[in-house]
Every structure is written in structure tokens, then in C-alpha cells.
Amino acid sequence: MNQKFTALWVTENSDKTVTRQVLERSIDELPTGDVLIKVVYSSLNYKDALSATGHKGVTRKYPHTPGIDAAGTVAATTDNRFQVGESVLVTGYDLGMNTAGGFAEYIRVPANWVVKLPQGLTLQESMIYGTAGFTAALSVHKLQHAGLTPEKGEVLVTGATGGVGSVGVALLAKLGYHVVAGTGKASSHDFLKQLGATTIIPREELVEISNRPLSKGRWAGVLDTVGGDILTTALKSTKYMGYVSCCGLVASPDLNTNVYPFILRGVDLLGVDSVECPMSIRLPLWQRMASDWKIDLTQLMTDECDLATLNNQYIDKILQGQALGRVVVKL
Ligand SMILES: NC(=O)c1ccc[n+]([C@@H]2O[C@H](COP(=O)([O-])OP(=O)(O)OC[C@H]3O[C@@H](n4cnc5c(N)ncnc54)[C@H](OP(=O)(O)O)[C@@H]3O)[C@@H](O)[C@H]2O)c1
């Protein structure tokens, strides 16, 4: 199929800088795969911005089209689990990393990556969630599965205005948890309260610089999206038998901790990876996000943009930590 389509295209220059442009590609140039999807919506995640700026930890080879999320309709399939015209979504796996991603009008992927759009979600809503929302839901799932219940006490969400954080705040509040939002944005308190946070803590108060092995235990649970010293402090301030989930690294990939939270307080540190999350967890979780866990998606500060605006504005904004809520890309 030599049909042309529009895509964001990132190339690496000889001096290792990268150039981004929106251009025409042809369906023949897409990777092989079982399902060709006409993308209607994608969304912007922190990882996409890294891929779009030449970060080799995310994308090894350029030229490349980023976009770890895509929702659309099946345009062609060799796998009979799917039908042409059916609404589907893809998040994670290798999409947008080293497989041409969702910042394009078409993707072609293995059938095992494809999720049928759950009833109760539109294509646009599925991308308001996107990987960020799915990661928040997976974090909540792991915290709950470990034993966190609302009556155990306050739950801290760090990076609360970001994509993962904002869905995390809204979902935990919906499920009856007492949510404390940690944020670096003084102007976002009303937004976070509207999402359901009862208390807001400025980011600088989330880091305790002392050599004390433990701090006073406050959190029954923590949904951390930033890592670094904030996660270190959160672990020290988690109550006896509390639970801390860890999914992100915007503050730092380093974690300087000691064993005391684990051996004196029995704290559980729960790793969250939404990329390779198996379908046995992924499918029921998407179903819940479309039904009993469905948050009021209109409350998330969602900007909708086209590929050109994504390229010119939003990629830089998310890298500068200025993201507020979600950015949905309309193809
Ligand atoms: N493990 C997985 O499967 C998985 C999946 C998705 C995302 N992630 C990771 O999760 C993290 C969050 O992703 P996202 O899409 O929510 O990103 P995002 O929309 O950019 O949000 C990150 C938020 O963190 C806060 N922040 C920014 N810079 C910071 C800094 N230097 N120190 C402390 N806090 C800072 C900001 O919120 P405030 O201003 O409110 O503090 C920002 O809005 C990223 O590291 C991403 O790579 C992991």
C-alpha cells in the first residue's frame, strides 16, 4: 500500500542534535505487523518527549516517529481476533520507542499489543487516559492488591499535576482515599482540589534533608511518579506496613535509601511497569477504567492539539516540567 500519511519525523544530525518535522510518509514504510491502525488520537507522555529529543534510553535508532499511545480503527488485519473498522487502542510495548509510534496517521503493530476499545470509553477518552492514565490505574491496582484501603490513612501522590499524578489523584479520590497531592506548581492548588485532593504539599516540603534513618510515619500509601529524593523521603515517612508505588524518574532515577523503612516498618515498595504489563492485567484494568474506575475525564486539564502544535509547543513544555494534566493529539 503506497498510501501517504502525515507523521512527526525525528532525525538525528551528524552532530548528534535532532531535528523534528511533520512530513508525509507512506504506509509501505511502516514496520511489518498484523494490524494496521488508522490513528484518530494519540497522547503526549514524558517518554515521548524524551524520544522526540534524541534520548537513546528510549529510542536507539533514528529517524523515528515517537508516540507510545494510539487509538483508532483497524484499517487492515491478518489476525482474526480483530475486524476492519473496529475501535482499538495500543499503549506501551515497543510502540513509539523503536517501533514507529502514534504521532502519525497510521501505525502497524503485532496483534498481541492491541486492546479492543472497552465499552464506556470513546477513542478520545482512551487517549485522555493514555499510558499516563493506565500507569496511574496500574499503580492504584498494585497498591490496593498489596493491601492499601481507604481507612488506613493518607495517600500521597507526587508529581500530582502531571499525567500519571493527576489521574492518580482523581482515581484514588474516587475510590474513597484521603489524597494528599505533592506539587511544584503553586498555581495548581484549585485544580488538584477539584480532582479530589484534600491537602496540597509544596514540592520543597516533600524532601527532608537529614541523616535520620526514618521520619515520623505519615503516609499509609504513596503513589510516586518522580523518584529521587522525594521517593527517598516518602519511604522514610511511610507508616508501619504502608505501601509505596514507584513508576517514574522525572526528579531522578536515583534512590538513596537505607533498609530501615523495610525492616523496621515493613514498608512495601511496589514497582510499576505499564509497558510490558501482561494482557491478563491490562484488559481487566482498561475495563475498570471504562466503568467502575472511570474518573470524570473533563476535570483533567486536557489540551487537544495537532501534530504541528505538539511539535512546536507541548514537547518542550512537558520536558520543562510544565505539563498540567494531559495533552491529546488529534490526527
Ligand atoms: N513505569 C512506567 O510504566 C511508566 C509509565 C508512564 C510514565 N512513567 C514515568 O512516570 C513519570 C511521570 O510521567 P508523566 O507522564 O506523568 O509526566 P509529566 O506529565 O511530565 O508529569 C510529571 C510531573 O512531575 C513533576 N515534576 C516535574 N519535574 C520535577 C522535578 N524535577 N522534581 C520533582 N517533580 C517534578 C511535575 O508535577 P508537579 O509540578 O505537580 O510536581 C510534573 O508535572 C515519568 O518519569 C515517566 O517516564 C512510567
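**A tour of the ligand site and two backbone details**

Begin at the ligand, where one of its oxygen atoms is 2.9 Å from a polar backbone atom of Gly163. This is a predicted model, and the distances that follow are computed from it.

Next, select Thr161: a polar atom of its side chain lies 2.7 Å from an oxygen atom of the ligand. Then turn to Cys247, whose backbone offers a polar atom 3.0 Å from a nitrogen atom of the ligand. With these contacts displayed, consider the surface of the ligand: 920 Å² is exposed when the ligand is taken alone, and the protein buries 88% of that.

Now show the pocket; the ligand sits in the largest one. Select the surrounding shell, which comprises 27 residues. Among the closest of these are Val164, Thr183, Val272 and Ser274. Coloured by class, the shell has 12 nonpolar, 12 polar and 3 charged residues.

Which helices should be highlighted as each supplying at least two residues of the shell? They are α2 (123-146) and α3 (163-174). Colouring by domain shows that domain 1 (4-117 + 301-330) and domain 2 (132-271) each contribute at least three residues to the shell.

Leave the ligand and select Tyr62 and Pro63. The peptide bond between Tyr62 and Pro63 is cis, with omega near 5°. Pro63 belongs to the loop that runs between α1 (46-52) and β4 (69-77).

Finally, select Lys16 in the loop between β1 (4-12) and β2 (18-26). Lys16 is a residue other than glycine with a positive phi, near 75°.

Definitions and conventions: Residues are numbered from 1 along each chain as its sequence is written. This is a predicted model: local features need pLDDT of at least 70, side-chain atom pairs count only at pLDDT 80 or more; totals for chains, interfaces and linings use all residues. Side-chain values use heavy atoms; hydrogens and water are left out. A residue is near a molecule or strand if one of its heavy atoms lies within 4 Å of it. A polar contact is a pair of N or O atoms within 3.5 Å; within protein, one must be able to donate a hydrogen and the other to accept it, and residues adjacent in sequence count only if both atoms are side-chain atoms. Accessible areas come from the Shrake-Rupley method with a 1.4 Å probe; for residues, only the protein chains shown count as cover. On a 1 Å grid over the protein atoms alone, a cavity is a set of points where a 1.4 Å probe fits but cannot get out, and a pocket is an open set with protein on both sides within 12 Å along at least five of seven lines; lining residues have an atom within 4 Å of a point. A molecule sits in a cavity or pocket if more than half of its atoms lie within 2 Å of its grid points. Helices (H or I, at least four residues) and strands (E, at least two) are DSSP runs, numbered from the N terminus. Ala, Val, Leu, Ile, Met, Phe, Trp, Tyr, Cys and Pro count as nonpolar, Asp, Glu, Lys and Arg as charged, and the others, Gly among them, as polar. Domain bounds come from an automatic or database domain assignment.
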